[in-house]
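User: Please take a close look at the interior of this protein, its cavities and its nonpolar cores. I would like the terms explained as they arise.

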Amino acid sequence: KFIVDEGDPLNELLFNKSIDNIRSLGIFKSVKSDIQEGSSQNLKVVNLTVEEKPTGEISLGAGVGTDGSTVGFSVSENNYMGKGIKLRSSLRLSTDTIRGQFTVVNPNYKYTDKSLFTNVQSIQTDKLATNGYKSTKTGFSVGTNFEQYDSIYLSPKISSYYESLTTNSGASSNLRKQEGSNIDTNFSYAIDYDKRNQRFMTTEGFRSTFDQSLPLLSDTYSIINGYQFDIYKKLDNDMITNFSVFTRAINSLSDKDVRVSNRLSLPSKKLRGFEYSKIGPVDSGDYIGGNYAAAINVSTTLPMFLQNMETADVSYFIDIGNVWGVDYSSSIDDSNKIRSSSGILLNWFTPI
């Protein structure tokens, strides 16, 4: 994880990034560094002291809210066989959804400085009683991530999913047209220009990411384009301000509508205070997602609160977002509207 090699000039910026890379692995409780004088005037000795910690986790959670009840279970290992390989399996059950997945991430495949990941998942959404449809989507994805140029990372991926959709009389006429099964195979990639001063607890810099998904074999041949920009600035009073723009679009290249399972929604962290996927156009009482999604987020830390607690921090945020665009009905699209939220956020890191 060291950016500099033995014999290179000692660069303080690159050295700090190297230490941050080690911390971001998540397999050490603490990482301390010490630079001492070497055997001659132009030589330095770098000492690192790391404290190991358990890298396996078992998680079990349950809750009841306005969106119904949820039960989740997961098992993960962040340092499998001592090689930094990450394994994660999870199962989540909610009122109308069953989601299971298994993920393997090798951050340094055969010491090539390229990560390799595989993900297998299955999602079943049963809304026959409320909205007249049931969707099952099962498949896998394989991809890699590497630094092509200085601070420019590429992430190509191939995914393939089998999906079936069942409807009854409670579904809308447009949804019943999509009933049946199909296989979607896509090639996707991301170009990530990362100029943050550090990935772990960023204080300065920016990150610009463009991603695209291209259909190889599909029923609707939908193309996805996305862009996200984040900028961080540290103020004189140690407050760290973050401004973020998120945009995403999906459109069919054929004469068919985008399938209900592929329609867009905003991630929960992009519009806090709202139930996930519960904004945007509504068809027959169901939030169906949209062809377009966008959000603007502004947040700033408040270091004047909880100054003596290393495991907690407080920040203030403003979120603005919307999901819109219904390719099969302009009248249904009129049900979308811009939503916003503002509040105080407390991050508290505990052993549980």
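Analyst: The cavities are described first, and the cores follow.

This is a predicted model, in which local features need pLDDT of at least 70 and side-chain atom pairs count only at pLDDT 80 or more, while totals for chains, interfaces and linings use all residues. Residues are numbered from 1 along each chain as its sequence is written, and side-chain values use heavy atoms, with hydrogens and water left out.

A cavity is a set of points, on a 1 Å grid over the protein atoms alone, where a 1.4 Å probe fits but cannot get out; its lining residues have an atom within 4 Å of a point. A volume is the space filled by probe spheres set on the points, which are joined across faces, edges and corners.

Two cavities of 30 Å³ or more are present. The largest has a volume of about 110 Å³. Among its 14 lining residues, Ser172, Leu175, Asp283, Ile288 and Tyr328 lie nearest the centre. The second largest cavity holds about 60 Å³, and its lining includes Leu266, Leu271 and Ile279.

Leu266, Leu271 and Ile279 also belong to the largest nonpolar core, which has 11 residues in all. Such a core is a set of buried Ala, Val, Leu, Ile, Met, Phe, Trp, Tyr and Cys residues joined through side-chain atoms within 4.5 Å; buried means under 20% relative accessible area (1.4 Å probe, protein chains only). Another core, of five residues, lies apart from the largest one and includes Tyr133, Ala171, Leu175 and Val260.

Note on methods:
On a 1 Å grid over the protein atoms alone, a cavity is a set of points where a 1.4 Å probe fits but cannot get out, and a pocket is an open set with protein on both sides within 12 Å along at least five of seven lines; lining residues have an atom within 4 Å of a point. Buried means under 20% relative accessible area, exposed over 50%, partly exposed in between (1.4 Å probe, protein chains only).
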